[in-house]
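Please study the structure shown below before attempting the exercises. Each task is followed by a worked solution.

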Amino acid sequence: EANLCVACHSQPEVDNATGKNYSDWKSSVHDKNGVFCNGCHLGNPASNEKEAAHVDVYRSGDSRSTVYFKNVPKTCGNCHKEEFNQFRKSLHYLRLETTERGPNCVTCHGARATKIVTPAQMADLCTICHNTRLGIQPGTPRGARSTLLLMNQTKFVTDVLTDYLEKAPAREKALGRARDLLQQSRNSLRLAKLRWHTFDLEAIEHSVTVALDAAQSAWSEVKK
């Protein structure tokens, strides 16, 4: 069915802020996966009457809004359930719930046009709170940057070996063992990505190290 939220908010005469929101969303991962305005903001996408179309939609500064700062994790968690469950284990989530001043999903990933932060960007984000002036674990930004760098490097090694093995003969015994090890590496990397939402750097680094060890063992099998 036609989504009238998109049909209306994509019109050129819509105010600049709404038009910017639409352009950010268009061609984003949410657009490509069929997540429309009502997926996050609620409302009735089947109605072309303004009042009926905006039922249960509130401005982001209103605590009733699904995109109110404190409510964002729960809203994102409707689809990203595993990430939300991990985030709820974090001190960041506790701070957000109790003081409404902790980070939420948008802090790192943006809103409509979502992103994955780079190691350098991660360090800058962490420094907002974790610095010597505030005295809140000032070493965290460096640790987060190093851990994310290690994760990205491990993913690169695993991806390269996976691509190589996909083109290699499946019958070779050593390569079969390598494929098993690479699957272990991918599983550990996935766990590390989920654990990232707990912000427990020690646990994350452990998962990444397990993934790297498996990838290195796979490479040893390939060289046999």
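The exercises below treat a helix pair and two aromatic pairs.

The model is predicted, so that local features need pLDDT of at least 70 and side-chain atom pairs count only at pLDDT 80 or more, whereas totals for chains, interfaces and linings use all residues. Residues are numbered from 1 along each chain as its sequence is written, and side-chain values use heavy atoms, without hydrogens and water.

**Exercise 1.** Determine how helix 11 and helix 13 are oriented to each other.

*Solution.* Step 1: helix 11 spans residues 140–166 and helix 13 residues 201–223; they pack at an angle of about 25°, with axes 9 Å apart. Step 2: angles under 35 degrees count as roughly parallel. Step 3: helix 11 is therefore roughly parallel to helix 13.

**Exercise 2.** Classify the aromatic pair of Trp25 and Phe36.

*Solution.* Step 1: rings of Phe, Tyr and Trp (its six-membered ring) pair if their centres lie within 6.5 Å; planes under 30 degrees apart are stacked, over 60 edge-to-face, and the rest tilted. Step 2: the rings of Trp25 and Phe36 lie 5.9 Å centre to centre with 50° between the planes, and the pair is tilted.

**Exercise 3.** Are Phe87 and Phe199 buried or partly exposed?

*Solution.* Step 1: buried means under 20% relative accessible area, exposed over 50%, and partly exposed in between (1.4 Å probe, protein chains only). Step 2: Phe87, at 7%, is buried, whereas Phe199, at 28%, is partly exposed. Step 3: the two form an edge-to-face pair, 6.3 Å centre to centre with 70° between the planes.

Notes. Axes are lines fitted to C-alpha atoms, for helices over the stretch in contact, and angles run from 0 to 180 degrees between N-to-C directions. Helices (H or I, at least four residues) and strands (E, at least two) are DSSP runs, numbered from the N terminus. Angles under 35 degrees count as roughly parallel, over 145 as roughly antiparallel, 65 to 115 as roughly perpendicular and the rest as oblique.
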